[in-house]
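Me: I would like to go through the terms used for this model and see what each one rests on. Please set the values against the cut-offs.

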Amino acid sequence: MFECRCSGRLELYVPTTFWAVFGEDTMMNCSFTSPGYVSEDLIIYWMKMESQNSDIVIYSFYHSREQRDKVHTVYQNRTLALQTGHSRGDCSVVLKHTATRDAGTYSVYVKTGRDYRERRTRLEVT
C-alpha cells in the first residue's frame, strides 16, 4: 500500500513496508509529484533510523548530483538511484546486497523549492 503525505504542491508516495531477501538487491520504490518544480532545486535524502533521535544517511542527492561523501560508511557503494528518474518524479533507491542489519525504519525526504515532505517506511529482511 502506498501512502501520501500531501499538502501544498508536493506529494510523496512510498510503501509502508518493503520486503527483502537476504543477500539480494532491494528496490525501495518512492515517487513524488511537484508541478513546475525546477530540477536544480531537488533534494532527496534516504535515512535509516538507528535510535530515537539518530538517523544515518544511506542516499543523498542535491546540487543536481549524488552526494556520496554524505552517505554513512555502511552504505557506501551499496545504494544507487536512476538519476534520470528524478526528473520524472522517481526517488527510488536500490539497496545492494541486503543484509539483516539493514532491517528497520527508514525515512525519505524530498524537497522541491519551498515544498518538502518526509515519509517513513520499514524494511523487513528474510
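**Terms and their grounds**

Reply: The model is predicted. To begin with one pairing, β9 and strand β10 (residues 93–95) run antiparallel to each other and share two bridges.

Me: How do you know that β9 and β10 count as paired?

Reply: Pairing requires at least two bridges between the strands. β9 and β10 have two bridges, so the criterion is met. Within β10, V94 is the bridge partner of L80.

Me: What makes β4 and β9 edge strands?

Reply: The open sheet has three strands in the order β4-β10-β9, paired antiparallel. β4 (26–28) and β9 (79–80) each pair on one side only.

Me: Why is β9, at residues 79–80, called a strand?

Reply: A strand needs a DSSP run of at least two residues. β9 covers 79–80, and therefore qualifies.

Me: What is the pattern along the sequence?

Reply: The protein reads β-β-β-β-β-β-β-β-β-α-β-β-β, with one helix and 12 strands.

Me: Why is the protein called as compact as a globular protein of its length?

Reply: Its radius of gyration is 14 Å, and the globule rule gives 14 Å for 126 residues; the two values are close, so the description holds. The C-alpha atoms fill a box of roughly 40 × 30 × 30 Å along the principal axes.

Me: What share of the residues count as buried, and by what cut-off?

Reply: Buried means under 20% relative accessible area. Of the 126 residues, 44% count as buried.

Definitions and conventions
Residues are numbered from 1 along each chain as its sequence is written. This is a predicted model: local features need pLDDT of at least 70, side-chain atom pairs count only at pLDDT 80 or more; totals for chains, interfaces and linings use all residues. Side-chain values use heavy atoms; hydrogens and water are left out. Helices (H or I, at least four residues) and strands (E, at least two) are DSSP runs, numbered from the N terminus. The radius of gyration is taken over C-alpha atoms; the globule rule is 2.2 Å times the number of residues to the power 0.38. Buried means under 20% relative accessible area, exposed over 50%, partly exposed in between (1.4 Å probe, protein chains only).
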